[in-house]
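Open the model in a viewer and keep the selection tool at hand. The stops below start at the ligand and work outwards to the whole chain.

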Amino acid sequence: MLDLRTPPTHPLVAASILSADFGDMAGDCRRVLELGADLLHIDVMDGHFAPNLTMGADMIRGVRRHLPHVNLDVHLMVENPGHYVEPFAKAGASNFAFHVEVCETFKPGGIDGHALIEKAHTLGMTAGIVINPPTPVEALEPYLDAVDLVLVMSVNPGFSGQSFMPEVLDKARWVSERVNRHTRIEMDGGLNPQTAPLAAAAGVDTMVTASALFGSDDPKAVIDAFHACGLP
Ligand code: DX5
Ligand code: ZN
């Protein structure tokens, strides 16, 4: 299985199943993986942190059953990610990424992010910290040495198909100056063959794509275009 801690030789394509066919989930996932997608990105939303309800442990378990060897990158857009760390690990999640906006270092009464990262590691997952477009990048600072992945959102969480926000590119640059080569820098939202090169130039090495990939008549060309972006 792909290990996110291993520095990649080309940008990794994380296919976001939010735009897959929910009636043929395993089939749709298998197709994009056969075409070259490197991992699957699973968007979990609770209707509070993000204005949408999506999926949870049952989806992770179902995808894992059909695809035992794929890295499942789970992105939790929820108020209480700690509630899900054990169930998601048991269901087969590979990476557990939660938002800095729910952590006590950012909001009083928030969760202990360091304890959650440690717990994810103890349960055999890698761990990621995620930042929303309006949040100052310095909020990430306390977690940079502890996580395996930093996810910079390039849309506000909630839905696939939104437009890329180029103003977040500076955040990726800021992160890339501070993490070592075993930490992935991921971007999520509005990535397509036009915007992916901008992300790569800013230091992004893991690219999430939902609508541009699953909505394309030629998904292989989309994956190839992401892979062709050089790494800095
Ligand atoms: C947004 C989700 C994204 C979304 C990306 O809240 O976190 O992963 O699926 O969709 P696109 O690639 O269509 O912008
Ligand atoms: Zn996501």
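Select ligand 1: in this predicted model, ligand 1 occupies the largest pocket. Next, show the strands that line the site. Strand E2 (39-45), strand E3 (72-77) and strand E8 (206-209) are the elements that each supply two or more residues to the shell around ligand 1. E2 makes the largest contribution, with 3 residues.

Now expand the selection to the residues around the ligand. The shell holds 20 residues, and the closest are Asp-43, Gly-161, Asp-188, Gly-190 and Ser-211. Colour the shell by residue class: 8 residues are nonpolar, 10 are polar and 2 are charged.

Which side chains place an N or O atom at a short listed distance from a ligand oxygen? Take three of them in turn, with the distance tool on.

- Ser-211: a polar atom of the side chain is 2.5 Å from an oxygen atom of ligand 1.
- Asp-188: an N or O atom of the side chain lies 2.6 Å from an oxygen atom of ligand 1.
- Ser-16: the distance between a side-chain N or O atom and an oxygen atom of ligand 1 is 2.9 Å.

Switch to a surface view here. On its own, ligand 1 would expose 380 Å², and the protein buries 100% of that area.

Finally, zoom out and display the protein as a cartoon. The fold contains 8 helices and 8 strands. The C-alpha trace spans about 45 × 35 × 30 Å along its principal axes. For 232 residues, a compact globule would have a radius of gyration near 17 Å, so the 16 Å of the protein agrees with that expectation.

Terms used: Residues numbered from 1 in each chain as written. Chains lettered and ligands numbered in written order. Predicted model: local features only at pLDDT ≥ 70, side-chain atom pairs only at ≥ 80, totals over all residues. Heavy atoms only, no water. Near = heavy atom within 4 Å. Polar contact = N/O pair within 3.5 Å; in protein donor to acceptor, adjacent residues only side chain to side chain. Areas by Shrake-Rupley, 256 points an atom, 1.4 Å probe, with all protein chains shown as cover. 1 Å grid on protein atoms, 1.4 Å probe; cavity = no way out; pocket = protein on both sides within 12 Å on 5 of 7 lines; lining within 4 Å. Sits in = over half its atoms within 2 Å of the grid points. Helix = DSSP H or I, 4+ residues; strand = E, 2+ residues; numbered from the N terminus. Nonpolar A, V, L, I, M, F, W, Y, C, P; charged D, E, K, R; others polar. Rg over C-alpha atoms; globule rule 2.2 N^0.38 Å.
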